[in-house]
Amino acid sequence: MPKTPSSGFYHQPFLWRIAGARMIIRCYCGWCRRAQHYLAMDLVPIFGSDAVVGQLWGCCPRCGKADRWTEQERLPTGDDVGNLVIRRPAGLKAVQLWADDFYGPAPYGPPWPPPPTMGSVPPRQYEGLTLANPSPWDQDA
Ligand SMILES: [Zn+2]
């Protein structure tokens with residue numbers, strides 16, 4: 001019998017299997033000497049269920065080094081209740097991107113496009129104004 005754990009495909013620590021067992025993933029960086037614990041179920045929508053524990057981040061997100069970075073799954077114990085700090089997803093932050101462009105005809109009509117109607121409200125009428133670049137909302141359906 002071999003004394004090393006199997007590295008075969010079936011015995012890979014897939015994230016879906018770790019999450020199904022309600023396990024905890026401990027990530028530790030030997031350079032930063034910092035450990036973070038994650039619930040495997042929280043990481044499934046982020047990394048995908050086919051991800052393998054040990055290759056999730058691949059390197060320390062803080063210092064970027066990979067040689068002392070470990071990701072290890074384990075079962076929670078009774079001592080973890082109320083003592084172990086779990087890092088959980090707390091929302092996404094949207095970032096507005098900007099691009100420089102030359103001034104030209106506005107892509108929407110003046111002064112601002114009315115909100116799209118569901119057919120109950122007639123389109124807005126402009127008195128004596130013909131739009132050079134009508135928006136799809138100003139055109140008669
Ligand atoms: Zn580190």
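1. Helices and strands are taken here as DSSP runs, of at least four residues for a helix and at least two for a strand, and they are numbered from the N terminus. With those terms in place, R22 can be located in this predicted model: R22 is found in the loop that lies between α1 (15–20) and β1 (24–29).

2. As for the overall layout, the protein chain holds two helices and three strands, and when the elements are read from the N terminus on, their order is α-β-β-α-β.

3. Turning to the backbone at R22, this residue has a positive phi of about 60°, although R22 is not a glycine. For context, most residues other than glycine have a negative phi. R22 counts as exposed because it has 11 C-beta neighbours inside 10 Å, where the cut-off for an exposed residue is 12 or fewer.

4. A second residue deserves a similar remark, since R33 is not a glycine and nevertheless has a positive phi, in this case of about 55°. R33 is found in the loop between β1 and β2 (34–39), and with 8 C-beta neighbours inside 10 Å it counts as exposed.

5. On burial across the protein chain, which has 141 residues, buried residues make up 8% of the total.

6. Finally, on contacts within the protein chain, if one considers those between residues at least 6 apart in sequence, 64% of them join residues that are at least 24 apart.

Notes
Residues are numbered from 1 along each chain as its sequence is written. This is a predicted model: local features need pLDDT of at least 70, side-chain atom pairs count only at pLDDT 80 or more; totals for chains, interfaces and linings use all residues. A residue is buried if 20 or more other C-beta atoms lie within 10 Å of its own, exposed if 12 or fewer, and partly exposed in between; C-beta atoms are placed from the backbone. Two residues are in contact if their C-beta atoms, placed from the backbone, lie within 7 Å.
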